[in-house]
Amino acid sequence: MSKVVIIGAGGVGGVVAHKCAQLADVFHDIVLASRTVSKCDAIAAQLDRPIRTASVDADDVPAMVEFLKAEKPDLLINVALPYQDLHLMDACLEAGVHYMDTANYEPPDDARFEYHWQWAYQDKFKEAGLMALLGCGFDPGVTGIFTAHARKHHFDRIDYLDIIDCNAGDHGQPFATNFNPEINIREVSAKGRYWENGAWQETDPLSVRHVFDFPEGIGEMPMYLMYHEELESLTKHLPEIKRARFWMTFSDNYLKHLEVLENVGMTRIDPVEFNGQEIVPLQFLKALLPDPSSLGPLTKGKTCIGCLIRGEKDGKPRQYYIYNISDHEACYAEVQSQAISYTTGVPAMIGAKMMLEGHWMQPGVWNVEQLDPDPFMADLNKYGLPWVETTPESVSLD
Ligand code: NDP
């Protein structure tokens, strides 16, 4: 009998609740808790089986400990915001609850995406006999599992890794982000960074561009080099990798809006004084932009996220591409969310299942690529994110 507490009732929390509720034999008891309980109730009302909801402030550690001690879940699934990660890890340690999330901790006043704050919990989790699974969405998450699968089954050595995230969907809005606007814009407007020959190389934001021909009818789209958090954990856990990069597609329209917003200061994350009160421009912008969960019924088209890998197998060079295609409208029809939330929430559910069923459960703080990819890869095919692997002859991003 397993009980989970899901923290966060945004786009991703909704998908996690749907997918966990579909698997009653694994997730026997589900509590969906977030800051605004009405959002939890709205999600609960969409489900075929009853779950409980609650109002919590994840940043209030003593109150969270009390809540967890009263609920006694086996696992806490954190799909609130990255700012809550450390507070929820602290609460889990004190209440004796396993932990997992989909995004690494970020200090609210500094857009730095680094694992060291969470890796520092290694000894505490080990000593407590508890597991913390980090970054189990799609990217980070499935991209790390794709890489681990490739290394286990197709390569003796991986030299070059390019993670490619394409959203070819269209929501028809002049400007909107597909997940939390604050987190999304902080990520996109940060400097690009990639790993090469044992060191980080930095690029100006969105200054490196390539056109990639995406499969299954998506076709050519421009994509931009960005920093993404799984580059840090993958190059640590697979130190043989000579170069690791992350690419994301953006439409010209998205980039034009972003440029203007940046130029006028609307993406700043430092507080400014306005009419006698302090506001953070990016947080104000978030309040003006469409709520990502409202884009679900409007979004059409596909996503294609995957890994293009070069290396060696049996003494011969090999090139390999593995990806998932998701369709925004199909995701909405199943769980009332577009594909960005879907592709994050399904892996979160599978990660939770891996822990609760014992495939991955072990004390300590873990990134997904450190764990056996096989049962997870099988579940991706089973629960809505089928993958395709190919060995293209000549795809070059150089
Ligand atoms: P949303 O902004 O839609 O939802 C976040 C939810 O967290 C909201 O319900 C919010 O409450 C709640 N929340 C925020 N602060 C607190 C708090 N202090 N206490 C309790 N609840 C709180 O975000 P998304 O659903 O789009 O994203 C969720 C997470 O998933 C983020 O960490 C994001 O970075 C991650 N993500 C990971 C991806 C991956 O592939 N790995 C891809 C996309 C997202 P309220 O409704 O009151 O604001």
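Here are some exercises on the predicted model above, each with a worked solution.

**Exercise 1: The sheet**

Find the order of the strands in the open sheet of seven strands, and say which strands sit at its edges.

*Solution.* Start by tracing the sheet from one end to the other: the order is S3-S2-S1-S4-S5-S6-S17, with parallel pairing. Next, look for strands that pair on one side only; these are strand S3 (52-55) and strand S17 (364-367), the edge strands. Finally, check the twist: neighbouring strands in this sheet are turned by 20° against each other on average, direction ignored.

**Exercise 2: Two pairs of strands**

Work out how many bridges join S6 to S17, and how many join S1 to S2.

*Solution.* Take strand S6 (residues 131-134) to begin with: four bridges join S6 to S17, and the two run parallel. To see one of these partners, pick Leu133, whose bridge partner in S17 is Trp366. Now move to S1 and S2, which also run parallel and are joined by five bridges. Here you can look at Ile7, which stands opposite Ala33 in S2.

Stay with S2 for one more step. Is it enclosed or open to the outside? Five of the six residues of S2 are buried, so this strand is largely enclosed by the rest of the structure.

**Exercise 3: Helices against strands**

Find which strands helix H13 lies across, and the angle that H13 makes with S4.

*Solution.* Locate helix H13 at residues 339-356. Then follow what lies against H13: strand S1 (3-7), strand S4 (75-78), strand S5 (98-101) and S6. Compare directions, and you get about 160° between H13 and S4.

**Exercise 4: The nonpolar core**

Identify which residues touch the most other members of the largest nonpolar core, and which element gives the largest share of that core.

*Solution.* The core has 105 residues. Those that touch the most other members are Ile6, Ile7, Val16, Leu32, Leu76, Ile77 and Ala132. As for where the core comes from, H13 gives the largest share, with 11 residues.

Now zoom in on Ile77. Skip its neighbours within four places in sequence, and its contacts are Val4, Ile6, Val16, Met100, Ala348 and Ala352.

**Exercise 5: Around the ligand**

Describe the shell around the ligand: how many residues, which are the closest, and what classes they belong to.

*Solution.* Count the residues around the ligand and you reach 32. The closest are Gly10, Val12, Arg35, Ala58 and Gly137. Sort the shell by class, and you find 15 nonpolar, 12 polar and five charged residues. Which helix gives the most to this shell? That's helix H1 (residues 11-22), with three residues.

**Exercise 6: Buried or exposed?**

Decide whether Pro373, Leu288 and Gln362 are buried, partly exposed or exposed.

*Solution.* You need the cut-offs here: 20 or more other C-beta atoms within 10 Å makes a residue buried, 12 or fewer makes it exposed, and anything in between is partly exposed.

- Pro373, in helix H14 (residues 373-382), has 21 other C-beta atoms within 10 Å, so it is buried. Not counting residues up to four places away in sequence, Pro373 touches Ile145, Ala148, His149 and Lys152.
- Leu288, in helix H11 (residues 281-288), has 9 C-beta neighbours inside 10 Å, so it counts as exposed. Leu288 and Pro181 are 107 residues apart in sequence, with 10.0 Å between their C-alpha atoms.
- Gln362, in the loop between H13 and S17, has 14 C-beta neighbours inside 10 Å, so it counts as partly exposed. The C-alpha atoms of Gln362 and Glu202 are separated by 36 Å.

**Exercise 7: Unusual backbone spots**

Find where the backbone departs from this general pattern: most residues other than glycine have a negative phi, and most peptide bonds are trans.

*Solution.* Begin with the peptide bonds. The one from Asp139 to Pro140 is cis, with omega near 10°, and Pro140 is in the loop between S6 and helix H7 (142-153).

Then turn to phi. Asp314 is not a glycine, yet its phi is positive, at about 50°. Asp314 lies in the loop between strand S15 (302-313) and strand S16 (316-327), and is exposed, with 7 other C-beta atoms within 10 Å. Gln336 is not a glycine either, and its phi is positive, at about 60°. Look for Gln336 in the loop between helix H12 (328-335) and H13; with 19 C-beta neighbours inside 10 Å, Gln336 counts as partly exposed.

Notes. Residues are numbered from 1 along each chain as its sequence is written. This is a predicted model: local features need pLDDT of at least 70, side-chain atom pairs count only at pLDDT 80 or more; totals for chains, interfaces and linings use all residues. A residue is near a molecule or strand if its C-beta atom, placed from the backbone, lies within 6 Å of it. Ala, Val, Leu, Ile, Met, Phe, Trp, Tyr, Cys and Pro count as nonpolar, Asp, Glu, Lys and Arg as charged, and the others, Gly among them, as polar. Two strands pair if DSSP finds at least two bridges between them. Axes are lines fitted to C-alpha atoms, for helices over the stretch in contact, and angles run from 0 to 180 degrees between N-to-C directions. Two residues are in contact if their C-beta atoms, placed from the backbone, lie within 7 Å. A nonpolar core is a set of buried Ala, Val, Leu, Ile, Met, Phe, Trp, Tyr and Cys residues joined through C-beta atoms within 7 Å.
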